[in-house]
Amino acid sequence: MNFPTVSRGQADKGFTVVYNNEGGELIPGVVCEFDLTATTAEQGYYVEKVDIVVNATTGIAAPLAGVVTNTIATASVGRLQVYGPCAVTVTGTVVAGSVAVATSAGAAPTAVGITHVAATTTNVAYAAAALGVSIEAVSANQSIVQLQIM
């Protein structure tokens, strides 16, 4: 984890170092998940874009890794934001106060946030896909989300 120098003039943000295993570059606003792998050195380090549509009972089937803030080239090391206010690409307006949830559906690029689903069928796997709470709906394609992934 990396927490930049504390500043009274800016909100705290937290980052994690990762390896881009997507097969293409990862661009700002994209939500990433950790690769499920049996190779110890890759666990908690190799990431790719969220590649499944979120499901109310099964979530996204992989642990959330964070959100890209600076482009990470293919097969390169970079960092993802895991805590604090972050611009996230979304599918439709995620109004302030709504939970933003990771999914692969609805917009280019894939791996974006959507507003939460309030249903009796949701369970802990769905909750694990939550990025945090939207604090500003910038547009129908971007929301500022107070990330709480760590």
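**A tour of the chain**

Begin with the whole chain in cartoon view and follow the elements from the N terminus on, which run β-β-β-β-β-β-β-α-β-β. This is a predicted model, and its chain holds one helix and nine strands.

Keep the whole chain selected and switch on its surface, whose accessible area comes to about 7300 Å², with 54% of that surface belonging to carbon and sulfur atoms. Of the 150 residues in the chain, 41% are buried. If you then display contacts between residues with a separation of 6 or more, 66% of them are accounted for by residues 24 or more positions apart.

Next, select strand S5, which covers residues 77-89, and pick out Tyr 83 within this strand. The side chain to look at here belongs to a residue that is partly exposed, since the relative accessible area of Tyr 83 is 31%. Now add Met 1, Phe 3 and Met 150 to the selection, because together with Tyr 83 these residues make a nonpolar surface patch of about 460 Å². Tyr 83 can take part in this patch because its 31% relative accessible area is over the 30% that a patch residue needs.

For the last stop, hide the surface and select two cysteines. Cys 32 is buried, with a relative accessible area of 0%, and Cys 86 is also buried, with a relative accessible area of 3%. How many disulfides does a search of the whole structure find? The search finds zero, so no pair of cysteine sulfur atoms in the model lies within 2.5 Å.

Key
Residues are numbered from 1 along each chain as its sequence is written. This is a predicted model: local features need pLDDT of at least 70, side-chain atom pairs count only at pLDDT 80 or more; totals for chains, interfaces and linings use all residues. Side-chain values use heavy atoms; hydrogens and water are left out. Buried means under 20% relative accessible area, exposed over 50%, partly exposed in between (1.4 Å probe, protein chains only). Patches are made of residues with over 30% relative accessible area and no salt bridge: like charges are joined within 9 Å, nonpolar side chains (Val, Leu, Ile, Met, Phe, Trp, Tyr) within 5 Å. Accessible areas come from the Shrake-Rupley method with a 1.4 Å probe; for residues, only the protein chains shown count as cover. A salt bridge is a side-chain nitrogen of Lys or Arg within 4 Å of a carboxyl oxygen of Asp or Glu. Helices (H or I, at least four residues) and strands (E, at least two) are DSSP runs, numbered from the N terminus. Contact means heavy atoms within 4.5 Å.
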